[in-house]
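Got the viewer open and a selection box ready? Let's walk through this one stop at a time.

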Amino acid sequence: MAGLFEGFVKRYRKGVTLAVLVLVSLICLLVSNRNVVIKPKEIGHSFVAFFQGGLTGASQWVGGTFNSIRELREAKSELADARRRLAEADEVTREVVALRQQNQALREQLGLSQAVAMKRIAAEVIAKDHDNLSSTITVNKGMHQGVKTGMAVIAFQDGLEGLVGKVVNVGIASAQILPLYDPGCYVSSRLDRSRHEGLVNGQGKDQPLLVMRYVKKLAKDNMAYGDLVVTAGLGGTYPKGINVGRVREWDAQSYETSLEILVEPIIDFDRLEYLFILESGG
Amino acid sequence: MGRDTRATLFTLLLLGICILLQSTLLSRLPLGGARPDLALIVLVYVSVRRGSMVGQVSGFVSGLFEDFMSVAPLGFHPLMKTIIGYLYGIFSGNMFLDPVFMPMILTIVATLLKGLLSGIVSSIFGIEASGFLYFRGRLWIELAFNTVLSPFLFALLGLFKVLKPSDKEGA
């Protein structure tokens, strides 16, 4: 039996080696990533859901056509109501602006600051993604300098402090950082002006803009192009008040309860050379 | 030390140098958001010249090295590079390598295969890859770089005796 097995392995050496190497790779992938998505029930469900979606869409179209006449009548009366409320809101807005200015002046006098002073570890970028499949920034500080996994990373560009990402791997004298634009990077954030919260997520190196989701639809009434998005400080990884980016576009579908905002990051990652690892978090 | 072992060790050294170059010097150049995969071109050459055994073992070990340098889950790059190394090794001894066109064709197919495999593996294992999946995005820029560089890299690799097939194996 052993002789037969040996003979088989000798004869098909290359194939056996391939099988062993592929098996080891698959086991490593399974162990280091538990998001395996090939599940028969989910595949079957997806297949059936396709037809369900088609049928529902068709029936909604028919119903929508009949409803449109009624909706037109309702829209007319809503418009008149909205005009009246807009006039009232204008007056309230003027009062809010005055109150805000007063608040700012009082805070300056009291010397309050939103920026929390934190110990920072300065580091230099020594390597970036070695291929086009993953996003990594490698820096020249590690365990010996006090860097830990989970620490937030910031940088300064054009006079502004901006979020870079977080530390995901630490070596003895180096560390790997997951940048903000990676699809696996999620940052709890808020719009600086209206204080509405949301979740900012990268879209990959291909896409220069980040996306901010789960922002209440109310926020679009008090949002403008260029508004600052800052970290909310929730979750413990990223301290509060760090600049994430600026609002560029937003989208609000009628059937959705939240907005989707496109945010341009403060940091231009192509020009990133030096950064700071914050000792809070981790 | 057998010829295959020497070839594998030498290939691993070359692949390590390529990966380091890609992550340091090449990442600082403005290359349209993508960079050439020198390690892939070297793997293709070595597999075609030395066969599946050298190709797949080199691909596996260099893939591990790539995983250590990136945030990709362990096993992601070894799986792709092992398969590419093995497949190209099948043609060892059966292919005439001219100086220009064959390196380009082999590299184009390898890059497309890498895109396909990365998409499949990412989809099955739920990996959020920031780079190209299947055939979108920077794959095409990388393809252009790889294609242009392949004849030069093949010519350079042809100077190393250890990577040449033995007389028994044929050209």
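## First stop: a strand and its neighbours

Select strand β8 of chain A, residues 210–216, together with β7(A): three bridges join the two, and they run antiparallel. Bear in mind as you click around that this is a predicted model. For a landmark in this pair, show Leu199(A), which stands opposite Arg213(A) in β8(A).

Keep Leu199(A) on screen and add strand β6 of chain A, residues 186–191. Strand β7(A) covers residues 197–201, and five bridges tie β6(A) to it, again with the two strands running antiparallel. On this side, Leu199(A) in β7(A) has Ser188(A) opposite it. So much for the pairing; now for the turn.

## The turn between β6 and β7

The strands β6(A) and β7(A) make a hairpin, with five residues between them. Which residue in that turn has a positive phi? Pick Arg195(A): its phi is about 70°, although it is not a glycine. You'll find Arg195(A) in the loop between β6 and β7 of chain A. Switch on the surface there and Arg195(A) counts as partly exposed, at 31% relative accessibility.

## Zoom out to the barrel

Now select the strands β6, β7, β8, β11, β10 and β9 of chain A. In that order, the six strands close into a barrel, and the pairing is antiparallel. On average, neighbouring strands of this sheet are turned by 40° against each other, direction ignored.

On the way round, stop at β10(A), residues 243–251, and β11(A), residues 258–265. Six bridges join these two strands, which run antiparallel. Want a residue pair to label? Gly245(A) has Pro265(A) in β11(A) as its bridge partner. If you're colouring side chains along the strands, a reminder: in a regular strand they alternate between the two faces of the sheet.

## A second positive phi

Go back along chain A to the loop between β3 (151–157) and β4 (160–170), where Asp158(A) lies. Asp158(A) is another residue other than glycine with a positive phi, here near 50°. Is Asp158(A) buried or exposed? It is exposed: its relative accessible area is 67%, and the cut-off for that class is over 50%.

Before leaving, show the whole of chain A. It has three helices and twelve strands. Of its 282 residues, 32% are buried. The accessible surface of chain A is about 17600 Å², with 58% of that belonging to carbon and sulfur atoms. Among the chain A contacts with a separation of 6 or more, residues 24 or more positions apart account for 56%.

## Over to chain B

Hide chain A and bring up chain B. Here the count is six helices and zero strands, so to speak a plain run of α-α-α-α-α-α along the sequence. Chain B has 171 residues, and 56% of them count as buried. About 7100 Å² of chain B is exposed, and carbon and sulfur atoms supply 76% of that area. Of the chain B contacts between residues at least 6 apart in sequence, 70% join residues at least 24 apart.

## Helix α5 and its two partners

Select α5(B), residues 101–125, and α2(B), residues 38–50. The pair packs at an angle of about 115°, with the axes 10 Å apart, and the crossing is right-handed. What meets what between these helices? From α2(B), show Leu40(B), Ile41(B), Val44(B) and Val48(B); from α5(B), show Leu106(B), Thr107(B), Ala110(B), Thr111(B) and Lys114(B). Sorted by class, this contact has six nonpolar, two polar and one charged residues.

Leave α5(B) selected and swap α2(B) for α6(B), residues 139–157. The axes of α5(B) and α6(B) come within 8 Å and cross at roughly 145°. This crossing is right-handed too. The contact includes Pro103(B), Met104(B), Ile108(B), Leu112(B) and Gly115(B) of α5(B), and the α6(B) side includes Leu139(B), Trp140(B), Leu143(B), Pro151(B) and Phe154(B). Its residues divide into ten nonpolar, six polar and two charged.

For a last view, show α2(B), α5(B) and α6(B) together and label Leu106(B), Thr107(B), Thr111(B) and Lys114(B). These α5(B) residues take part in the contact with α2(B) and also in the contact with α6(B).

Key. Residues are numbered from 1 along each chain as its sequence is written. Chains are lettered from A and ligands numbered from 1 in the order in which they are written. This is a predicted model: local features need pLDDT of at least 70, side-chain atom pairs count only at pLDDT 80 or more; totals for chains, interfaces and linings use all residues. Side-chain values use heavy atoms; hydrogens and water are left out. Axes are lines fitted to C-alpha atoms, for helices over the stretch in contact, and angles run from 0 to 180 degrees between N-to-C directions. Helices (H or I, at least four residues) and strands (E, at least two) are DSSP runs, numbered from the N terminus. A crossing is left-handed if the near helix is turned anticlockwise from the far one by less than a right angle, and right-handed if clockwise. Contact means heavy atoms within 4.5 Å. Ala, Val, Leu, Ile, Met, Phe, Trp, Tyr, Cys and Pro count as nonpolar, Asp, Glu, Lys and Arg as charged, and the others, Gly among them, as polar. Buried means under 20% relative accessible area, exposed over 50%, partly exposed in between (1.4 Å probe, protein chains only). Accessible areas come from the Shrake-Rupley method with a 1.4 Å probe; for residues, only the protein chains shown count as cover. Two strands pair if DSSP finds at least two bridges between them.
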